[in-house]
Every structure is written in C-alpha cells, then in structure tokens.
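The exercises below concern the structure shown here. Each one sets a task and then works through the solution step by step.

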Amino acid sequence: KNNPTIRLSFENNTNHQWDQAEWIKAALHELKDSFQVEEVNLVGFSMGGISSLLYLETFSNDESLPKVNKVISIGSPFNDFLEDDEQTLEDLLTSGPTIVSETLENYTNLVGNIPKETSFYLIGGQLSESELTDGTVPLNSSLGVYSLLASQGLNVKESIIMGSEAKHSNLKLNEEVIKLVANYLYLK
C-alpha cells in the first residue's frame, strides 16, 4: 500500500529508446492523472535504464508528471557495447569512458535537464577479473554515465556484481542485485 511496485514491460521491447522514453512518460502521466501518484522511483534493466535516463533528460521538468526521486539501472548499455579492457575502474568513474559512443555523447547534451535532487544507482556485471563485462554489456558501458552524472552534482553510486551470476540475463534475478535494489529504494 505504501510502496506499490508497478512493472512496465514494453510489448515491443526492441523499439527505439526514444519511443520507450515516451512510453514511460505516458505510463507516469496515467499514474499521476488516475491515481494521484506524485513521486516515483525507476528501476530499469538493460535498455530500461537507457529509456529511464532519456525520460529524465527529456521530460523530468514536466509538472504534469510524477517527480522521479531515484533511478536504478542494471546492466544498461549507456556507452553502447564498446569494450575497453585497458581503463581502470577509478579512471572510468572519475573521467568517464576513454572510448565514447555517439549514444553517450547524446546524454552529455541533455544531462543538465535532470533535477539535482534525483539520485542514481548504476549496477554492472563483471564475469571475472579479466572479463570486464556481463557477457553482453561491458562494465565501461553500464557505468559509463557515472562521471557525467556526478559532474552535474547529481548523487550517483555504483556497484559491480562479480562472477558467473553476473551474466547479463541473470542480473535482474540475481539475489545480490535484488538486495541492493531493495536497500537503495527503501532504506535511508
């Protein structure tokens, strides 16, 4: 009753991320209009994280929509699927990816639209010490917007899930991820 969970699944989940951002807008408009929902948290897996970020960059200042407090992305390819096994995690979080996709550049142009009180939690998977990927999304992509968000004064944190259960398709069902998400959303 106090923390309802609504799962938004796109029938056509291969549509363009901009379409998905529009669909998030429509769903949130319906929640506010029909159910008087004033604030929400968004949790997006893979492209859901991308669409959530695009939604925020484009529509978050629309007062006819609920305010977004927190965004969690799990295995989201913010920097497409560009791999860079040479960059350290510290450098990635401080300076951003050394190889930057056009997609990541587009976020740079709109990131200033995100309200400063919105906080972010980026979760990526790493199969092993030498495999800096969840098997689909490289770590430098799932954490690729960290420095961009931080440079705007936004509250952002990250976690890396290690091992065979960090495989992309397993991340959304991974018990460690589920605990991290619950703690971030519901504990102060």
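**Exercise 1. In this predicted model, identify which residues of the largest nonpolar core touch the most other members, and which elements contribute to the core.**

Solution. Step 1: the largest nonpolar core holds 33 residues, and those that touch the most other members are Tyr55, Tyr107, Phe120 and Leu149. Step 2: two or more residues come from each of helix H1 (17-35), E1, H2, E2, helix H3 (89-95), helix H4 (102-110), E4 and helix H6 (146-151). Step 3: H2 supplies the largest share of this core, namely six residues.

**Exercise 2. Determine which residues Phe120 touches, not counting residues up to four places away in sequence.**

Solution. Step 1: under this exclusion, the contacts of Phe120 are Leu53, Leu56, Val71, Ile114, Leu149, Leu154, Asn155, Val156, Lys157 and Tyr184. Step 2: one of these residues, Leu149, is also named with Phe120 among the core residues that touch the most other members. Step 3: another core, of 11 residues, lies apart from the largest one, and its members include Ile74, Tyr121, Ile161 and Val181.

**Exercise 3. Describe how strand E2 is placed, beginning with how many of its residues are buried.**

Solution. Step 1: strand E2 spans residues 67-74, and six of its eight residues are buried, so that the strand is mostly covered by the cut-off of under 20% relative accessible area. Step 2: strand E1 (residues 39-45) pairs with E2 in the parallel sense, over seven bridges. Within this pairing, Val68 in E2 is the bridge partner of Val40. Step 3: between E1 and E2 the chain passes through helix H2 (residues 47-59), and this β-α-β crossover is right-handed. Step 4: E2 also pairs with strand E4 (residues 119-126), again in the parallel sense, over five bridges. Here Ile74 stands opposite Ile123 in E4.

**Exercise 4. Gln36 and Ser46 have positive phi values although neither is a glycine; establish where each one lies and whether each is buried or exposed.**

Solution. Step 1: Gln36 has a phi of about 55° and belongs to the loop between H1 and E1. Step 2: its relative accessibility is 53%, and exposed means over 50%, so Gln36 counts as exposed. Step 3: the phi of Ser46 is near 55°, and Ser46 is found in the loop between E1 and H2. Step 4: Ser46 has a relative accessible area of 14%, and buried means under 20%, so Ser46 counts as buried.

**Exercise 5. State the volume of the largest cavity and the residues that line it.**

Solution. Step 1: the count of cavities of 30 Å³ or more comes to one. Step 2: the largest cavity has a volume of about 40 Å³. Step 3: its lining consists of Gly49, Leu53, Val71, Ser73, Phe78, Phe120, Leu122, Val145 and Leu149. Step 4: H2, E2 and E4 are the elements that give two or more residues to this lining.

**Exercise 6. State the volume of the largest pocket and which of its lining residues are closest to its centre.**

Solution. Step 1: the largest pocket contains about 1700 Å³ of space. Step 2: its lining has 42 residues, of which Ile6, Arg7, Leu8, Val43 and Gly44 are the closest to the centre. Step 3: H1, E1, H2, E2 and helix H8 (175-186) each give two or more residues to the lining of this pocket.

Methods: Residues numbered from 1 in each chain as written. Predicted model: local features only at pLDDT ≥ 70, side-chain atom pairs only at ≥ 80, totals over all residues. Heavy atoms only, no water. Buried < 20%, exposed > 50% of the residue type's maximum accessible area, 1.4 Å probe, protein only. Helix = DSSP H or I, 4+ residues; strand = E, 2+ residues; numbered from the N terminus. Pairing = 2+ DSSP bridges. Right-handed = clockwise from strand over helix to strand, strands pointing away. Core = buried A, V, L, I, M, F, W, Y, C linked by side-chain atoms within 4.5 Å. Contact = heavy atoms within 4.5 Å. 1 Å grid on protein atoms, 1.4 Å probe; cavity = no way out; pocket = protein on both sides within 12 Å on 5 of 7 lines; lining within 4 Å. Points joined across faces, edges and corners; volume = space filled by probe spheres on them.
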